[in-house]
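Welcome! Here are some exercises to help you find your way around a new structure. Try each task yourself, then follow the solution step by step.

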Amino acid sequence: MLQTIAAFDRIGEENAFAVLARATALAAEGKDIINLGIGQPDFRTPDHIVEAAIKALRDGHHGYTPATGLLATREAVARRTLTTTGVEVSPDTIMILPGGKPTMYAAIVMFGEPGAEILYPDPGFPIYRSMIEFTGATPVPVPIREENGFAFSAEETLALITPRTRLLILNSPANPTGGVTPRAEIEKLVKGLEKHPDVAILSDEIYDVMTYDGESHCSLLEFPEIRERLIVLNGWSKTWAMTGWRLGWSIWPNSEQGGRLYDKVRKLAVNCWSCVNAPAQHAGIAAIDGPQDAVDAMMKAFDRRRKLVVEGLNKLPGVSCITPKGAFYAFPNISETGWKAKKLASALLEETGVALIGGPDFGILGEGYIRLSYANSEENILRALERVEKFLGQNP
Ligand code: PLP
């Protein structure tokens with residue numbers, strides 16, 4: 001099934017990259033573009049992390065590393081996991097991969113096949129559905145609703161499980177909504193999952209420390225009862241502003257009971273990418289063990305921008321925006337403007353130079369919404385909001 005061209009024809013896109021390309025082309029033509037489209041911090045990777053990579057290169061770390069990643073990098077991830085979740089995980093269950101996406105790919109191809117059902121958040125990160133379709137499995141959207149603060153509903157999620165369900169994909173804090181699923185809801189979900197022992201779980205926790213207003217992230221790792229069927233996706237891209245480094249990690253079951261999933265993903269690595277480049281893995285250790293002031297400063301800046309963006313959006317005619325609790329996205333409801341979301345996103349880019357993403361690029365339930373990434377300066381956010389206000393005033 002995977003070998004056929006037809007499977008490749010089912011692969012989707014992440015439209016944020018197309019919007020970025022169009023915005024870059026318009027900027028090259030001399031247009032003043034404000035990019036609120038792409039989901040990457042506008043901060044540089046902190047200097048001490050860059051220096052660690054340079055040192056690694058100078059010290060001669062030029063060769064292959066183990067396919068699972070350097071032991072020192074995996075040990076650093078284990079230390080960080082203990083700090084953020086209070087859970088001890090063995091480095092023998094930690095895999096270092098080229099970004100967060102390869103974990104998504106690995107987990108979804110492991111469980112997806114024709115006849116299988118895979119549950120994924122809608123609206124959600126578009127690659128989940130794309131990869132599910134690649135495998136020929138049936139994508140089953142789990143509705144993520146505004147009235148629920150864009151959190152998962154345990155009840156609604158559990159009700160979608162059938163005897164064919166093989167994998168449930170969770171994401172909190174979430175892209176594109178900024179929603180954070182509360183601990184109590186996750187506890188309910190885990191309790192319900194005990195009745196479905198054959199359903200594996202992929203928990204995408206790449207925004208784990210990016211929360212606001214005292215909200216805290218609840219990791220699925222905190223529930224030993226599902227550990228043997230849990231894959232946790234995480235990485236350096238967002239927290240340490242390292243999207244272009246291509247460095248991620250994931251935590252897998254590594255026992256007979258857990259189906260030796262770790263060994264399966266190790267084999268996939270050997271076949272597909274051998275290992276993550278060695279200097280990046282050294283930089284990853286410095287990111288985890290070094291000072292976190294740059295991360296704290298970035299989160300403070302995001303918090304200020306978040307408030308600015310939400311306040312500004314709620315003043316626009318026909319627009320309402322709930323305050324996101326995590327990540328660096330706002331997901332305003334634009335249904336009262338009379339615009340279709342993708343048309344509005346495209347008109348805003350072409351006519352006002354403001355790049356953002358239409359909600360339908362994140363799923364069926366994304367209609368009526370747009371996504372703004374507030375990874376841009378306060379000044380640019382205010383300029384963008386002014387332009388959108390003017391545009392909506394002239395094009396009701
Ligand atoms: N998971 C979510 C929810 C994301 O938003 C992203 C990136 O936007 C990723 C995973 C992928 O991260 P990476 O760039 O490390 O592959």
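Before we start, one term: two strands count as paired if DSSP finds at least two bridges between them. Keep in mind, too, that this is a predicted model.

**Exercise 1. Apply that term to strands β6 and β7, and find which way they run.**

Solution.
- Step 1: Locate β6 at residues 200-204 and β7 at residues 230-235.
- Step 2: Look up the bridges between β6 and β7: there are 4. The cut-off is at least two bridges, so β6 and β7 pair.
- Step 3: Check the direction: β6 and β7 run parallel.
- Step 4: Pick out one position, Asp 204, which faces Leu 233 of β7.

**Exercise 2. Put β6 and β7 into their sheet, and say which strands stand at its edges.**

Solution.
- Step 1: Read the strand order, β2-β8-β7-β6-β5-β3-β4; these 7 strands make an open sheet with mixed pairing.
- Step 2: Go to the edges, where β2 (94-97) and β4 (138-143) stand. Each has a single partner strand, so one side of each has no neighbour in the sheet.
- Step 3: Add the twist, which averages 20° from one strand to the next.
- Step 4: Look for a helix lying across this sheet's strands: α6 (residues 126-135) lies across β3 (117-122), β4 and β5 (165-171). The angle between α6 and β3 is about 160°.

**Exercise 3. Describe the sheet that contains β9, β12 and β11.**

Solution.
- Step 1: The order is β9-β12-β11, an open sheet of 3 strands with antiparallel pairing.
- Step 2: At the edges are β9 (329-330) and β11 (357-358); each has a single partner strand, so one side of each is left without a neighbour in the sheet.
- Step 3: Between β11 and β12 (residues 370-373) there are 2 bridges, in the antiparallel sense.
- Step 4: For one facing position, find Gly 358, which is opposite Ile 370 in β12.

**Exercise 4. Is helix α5 mostly covered or mostly open? And is Lys 267 buried or exposed?**

Solution.
- Step 1: Helix α5 spans residues 101-111, and 8 of its 11 residues are buried, so by the cut-off of 20 or more other C-beta atoms within 10 Å this helix is mostly covered.
- Step 2: Among those buried residues are Pro 102, Met 104, Ile 108 and Phe 111.
- Step 3: Now find Lys 267, in helix α9 (residues 261-272).
- Step 4: Lys 267 has 11 other C-beta atoms within 10 Å; exposed means 12 or fewer, so Lys 267 is exposed.
- Step 5: Finally, follow Lys 267 to Ala 67: they are 200 residues apart along the chain, while their C-alpha atoms are separated by 8.1 Å.

**Exercise 5. What does the chain look like as a whole?**

Solution.
- Step 1: Take the inventory: 13 helices and 12 strands.
- Step 2: Compare the radius of gyration with a compact globule of 396 residues: the expected value is near 21 Å and the chain has 21 Å, so the two agree.
- Step 3: Consider the interior, where 48% of the 396 residues count as buried.
- Step 4: Turn to a record: an unreviewed UniProt entry lists residues 31-388 as "domain: Aminotransferase class I/classII large". The end C-alpha atoms of that span lie 16 Å apart.
- Step 5: Check the predictor's confidence: mean pLDDT is 96, and 99% of residues reach 70 or more.

How values were computed
Residues numbered from 1 in each chain as written. Predicted model: local features only at pLDDT ≥ 70, side-chain atom pairs only at ≥ 80, totals over all residues. Rg over C-alpha atoms; globule rule 2.2 N^0.38 Å. Axes fitted to C-alpha atoms, helices over the stretch in contact; angles between N-to-C directions. Contact = placed C-beta atoms within 7 Å. UniProt positions renumbered as here; feature names shortened; annotations may be inferred. pLDDT = per-residue confidence, 0-100.
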